[in-house]
Amino acid sequence: MPTLLVMRGARFARRIRVAEGELRFGRWDGNEVVLPSQKVSRVHAVLSCQGAFATIKDAHSTNGTFVNGTRIDSMPVLDGDRLQLADVELLFCRMDDPTAEFAQARPAPAPDAAATDLAGLAFAASPGAYDDVPTHPSPRARRAQSVGEGVAFTLPMRGRDVSALITYDALASHFGAYAFGEESCSRAVDAYEENHLAIHVAATYRYQQLPQEPVVLRARDF
């Protein structure tokens, strides 16, 4: 299970063990994680964890949710990311800490069926970026599913599979396909399937730059 460190300056004031599902953060006592600050909204943000992937989503808060200094609506989070909820800073760690306070998560709801626009790819790989990408990925490597705010897949890498995810905003920015209505999630998976080689190239290049798992492709990574 991941661990959240609630920071106070350079030190942590609280350790929270994160279960799979959804955790609501805010000053309201009904949240799974209560943050007693008047600058934090009653329900400020929601952290969703599913398998190897975690996503933070702002809950229309007054003072905003930030990841590594950038204000976000929704974004996958990686090991070492700093989350800022108004004046409360949290550090997301993949390392499990069995001695930390346990936060019981709610079951995650069914994937959002909101419309997602997908527009044209532009990616230029550096020399060597294709070296670890098979020309014809195996059927198992190409299996994908909608997870949180993106499409999860496995990346064949030197004889093993690495967990990876491409966010919906990356699909929206870089691929000429469309997802809308109740079939938005399946259409996003279809967009991955139709463009899996280019996505695997981008994911491999990202992994070469930053060998961190899971590999997460955001819009700026293309």
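A nonpolar core, as the term is used here, is a set of buried Ala, Val, Leu, Ile, Met, Phe, Trp, Tyr and Cys residues joined through side-chain atoms within 4.5 Å. Keep that in mind as we walk through this structure, which is a predicted model.

Let's start with the overall picture. The protein chain has 222 residues, and 47% of them count as buried. Its secondary structure comes to four helices and 18 strands. If you look at contacts between residues at least 6 apart in sequence, 55% of them join residues at least 24 apart.

Now for the inside. The largest nonpolar core has 27 residues, and Leu-4, Phe-25, Leu-47, Val-77 and Leu-90 are the ones with the most contacts inside it. Quite a few strands chip in: S1 (3–8), S2 (11–18), S3 (21–26), S5 (45–50), S6 (53–58), S10 (82–85) and S11 (88–93) each supply at least two residues of this core. Phe-25 is a good place to zoom in. Setting aside its neighbours within four places in sequence, Phe-25 is in contact with a list of residues including Leu-4, Val-33, Leu-47, Leu-85 and Leu-90. Asn-31 and His-44 are also among the contacts of Phe-25.

There is another core too, lying apart from the one we just visited. This other core has 23 residues, among them Leu-155, Val-189, Ala-191 and Ala-202.

Back to the strands for a moment. How do S1 and S2 pair up, parallel or antiparallel? They go antiparallel, over six bridges. Within this part of the model, Leu-4 stands opposite Ile-16 in S2. S2 has a second link, with three bridges joining it to strand S12 (residues 101–103), and here the two strands run parallel. Arg-17 stands opposite Phe-102 in S12.

Next, have a look at Ser-37, which sits in the loop between strand S4 (33–34) and S5. Is Ser-37 buried or exposed? With a relative accessible area of 10%, Ser-37 falls under the 20% cut-off, so it counts as buried. Not counting residues up to four places away in sequence, Ser-37 touches Arg-27, Asp-87 and Val-88. One of these partners, Asp-87, is joined to Ser-37 by a polar contact of 2.7 Å between the side chains. Another, Val-88, is 51 residues away along the chain, yet the C-alpha atoms of Ser-37 and Val-88 are separated by 7.8 Å.

What about aromatic rings? A pair of them is described by the distance of the centres and the angle of the planes. A search of the whole structure finds one aromatic pair. Phe-153 and Tyr-192 make up this pair, and they are stacked, at 4.8 Å centre to centre with 25 degrees between the planes. The pair links distant parts of the chain, with Phe-153 in strand S15 (residues 150–157) and Tyr-192 in helix H3 (residues 184–194), 39 residues apart. Phe-153 is buried, with a relative accessible area of 4%, and Tyr-192 is buried as well, at 0%.

Finally, a word on confidence. The mean pLDDT of the protein chain is 79, and 80% of its residues reach 70 or more. Among the elements, strand S7 (residues 65–67) has the highest mean pLDDT, 95, while strand S13 (residues 116–117) has the lowest, 34. Over residues 112–142 the pLDDT is below 50, although this stretch has 81 contacts in the model beyond near neighbours in sequence. Where pLDDT is low, the predicted coordinates should not be read in detail.

Definitions and conventions: Residues are numbered from 1 along each chain as its sequence is written. Side-chain values use heavy atoms; hydrogens and water are left out. Buried means under 20% relative accessible area, exposed over 50%, partly exposed in between (1.4 Å probe, protein chains only). Contact means heavy atoms within 4.5 Å. Rings of Phe, Tyr and Trp (its six-membered ring) pair if their centres lie within 6.5 Å; planes under 30 degrees apart count as stacked, over 60 as edge-to-face and the rest as tilted. A polar contact is a pair of N or O atoms within 3.5 Å; within protein, one must be able to donate a hydrogen and the other to accept it, and residues adjacent in sequence count only if both atoms are side-chain atoms. pLDDT is the predictor's confidence in each residue, from 0 to 100. Two strands pair if DSSP finds at least two bridges between them.
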